[in-house]
Amino acid sequence: MRHSIRRRPELPIDVTVPSSSPAVGAPVVIEPAEAALLVPALRDAQHPEVWVYRYEHPDTGWRLSIATHASPGSGKLSLGGFRIAPESRTSAPGFDSDREAIGLAIGMEEKVYWSRVMHVGGPLALRDTARIVGGKCVLHPTPDARVGQPNDRALLDFALACFTDLEARAGFHLTTGQDMGHGLMFDGIAQSLEYLNDRFLGSVVADTSKPTGEGNFRVLAGMLAGFDIPVASATVGLIGCGHVGMHLLGQLREAGATVLALEASPARRAELETLGVRTFTPDQKDAFLAEPMDAIAVNAAGGSLDPHTIDRIISNQSIRVICGSENLVMPDERAGAELLRAAGRAYAPTELGGMMGYLTAVEEYLSQRAGRSLDVESMCTAAAPMEALSERAVRLARASAFAIGFPQAMERVSAS
């Protein structure tokens, strides 16, 4: 069955749909130099300039941080999901919405980079790639205002007012989509993304999890092939089995692979076990990482590849491939990726593995502006070239005895 995104009523370009959103004050603007002090990793990024616009609700304390690589007045299209930070993130030591947004914006810009390098995407995104940059919106709510709680509508109205103000004030186009924290609202009727989409042209509703999962599968299958391991005979460990992970699981099972799963949710573990999948709890992570596996795909909430996990992966001689689409997957990705390369492991940056989600969101946005509908299935088809490119990149890295890592190999094979 083919699923299409509903077509919005015709709207003039650059016009935002009015809503009942409250008026908001001017944001605090964090310039790139200050942003680099907040997130030192920004200095080493390929595109180190990030601006942050921080809005705070004067009464509730809600705080919305919008980070973007779009310079003021540039007219660029800033792509990145709208995250209503869940309790698992806001309760983490040192959580700060500015830092979270900056880190995620860096990752989004890397997704944009990889889509350009690999020349993968829908037709409109490929046409407009020069004007697309990475960004992210992170909203720190109070518990009573998370989606599904009594004040969720007021929270979303605050965010809508901020989005509208930002576009008028900063001179670039904001596009937001699926991320953590969304779902059925307190009224039991509206979905939060649909509520936003009805009131702001830049809010898209496409379920990006299926194309993201398809991109995951294509990269994983290609990387395994680069080690001469057919998917049908592979054992793959999944860390995180949410929407993306479940799509990847389905593809792997259909291809005949053996799958193990590390999953935090008891309900999801029970579901997986009915499918015959061996499951592990987070407390059993070391035991999971000691299992004989050919590959690991990470699609959890963040931080899955911490230094201890990387050490355990390197200690397991059977694991050759590490990939996925998880955001903020390592505390220091440069150092972690270097350890994996030096150990002869093929690590695909999760921004590369996850880029089909951003590409689906931007294709929906550009389709709406062109008066077209988006067929989400077509974005799964658009992911197909990632498989052959990933195989070639692994073979090149292997031929060099991993003197170069998978990312550098991907740049070379994509350019050839």
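**Notes on helix α17, the aromatic pairs and the overall fold**

1. A good place to start is α17: on the face turned away from its buried side, this helix carries the exposed residues R412 and A415. Please keep in mind throughout that this is a predicted model.

2. Now for the other side of that helix. F406, P407, A409, M410, V413 and S414 are the buried residues of α17. Around the axis they cover an arc of only 155 degrees, which puts them on the same side of α17. What do the buried residues of α17 pack against? Their partners are α3 (97-118), α7, β13 (346-347), α13 (350-353) and α16.

3. On to the aromatic rings, where the count comes to 7 pairs. One of them is F163 with F200: the ring centres are 5.4 Å apart and the planes meet at 45 degrees, so this pair is tilted. It links distant parts of the chain, since F163 belongs to helix α5 (residues 152-170) while F200 sits in the loop between α6 (192-197) and α7 (209-226), 37 residues apart.

4. Are F163 and F200 buried or exposed? F163 has 0% relative accessibility and therefore counts as buried; F200 is buried too, with a relative accessible area of 1%. You may also like to look at F82, because ring pairs link F82, F163 and F200 into a cluster.

5. A second pair worth a look is F227 with F402, which is stacked, with 6.4 Å from centre to centre and 15 degrees between the planes. F227 lies in the loop between α7 and β8 (235-239), and F402 in the loop between α16 (385-399) and α17 (406-415), so the pair ties together parts that are 175 residues apart in sequence. Both F227 and F402 are buried.

6. One charged group also deserves a mention: R199 lies over the face of Y195, at 3.6 Å from the ring centre.

7. Finally, the whole protein. It has 17 helices and 13 strands. Its radius of gyration is 21 Å, close to the 22 Å that the globule rule gives for 416 residues, so the protein is as compact as a globular protein of that length. The C-alpha trace spans about 60 × 45 × 45 Å along the principal axes.

8. As for burial and contacts, 58% of the 416 residues count as buried. Among contacts with a separation of 6 or more, 73% come from residues 24 or more positions apart. The accessible surface is about 16,500 Å², and carbon and sulfur atoms account for 53% of it.

How values were computed
Residues numbered from 1 in each chain as written. Predicted model: local features only at pLDDT ≥ 70, side-chain atom pairs only at ≥ 80, totals over all residues. Heavy atoms only, no water. Phe/Tyr/Trp six-rings, centres within 6.5 Å; stacked < 30°, edge-to-face > 60°. Helix = DSSP H or I, 4+ residues; strand = E, 2+ residues; numbered from the N terminus. Buried < 20%, exposed > 50% of the residue type's maximum accessible area, 1.4 Å probe, protein only. Lys NZ or Arg CZ within 6 Å of the ring centre and 35° of its normal. Arc of directions from axis to C-beta. Contact = heavy atoms within 4.5 Å. Rg over C-alpha atoms; globule rule 2.2 N^0.38 Å. Areas by Shrake-Rupley, 256 points an atom, 1.4 Å probe, with all protein chains shown as cover.
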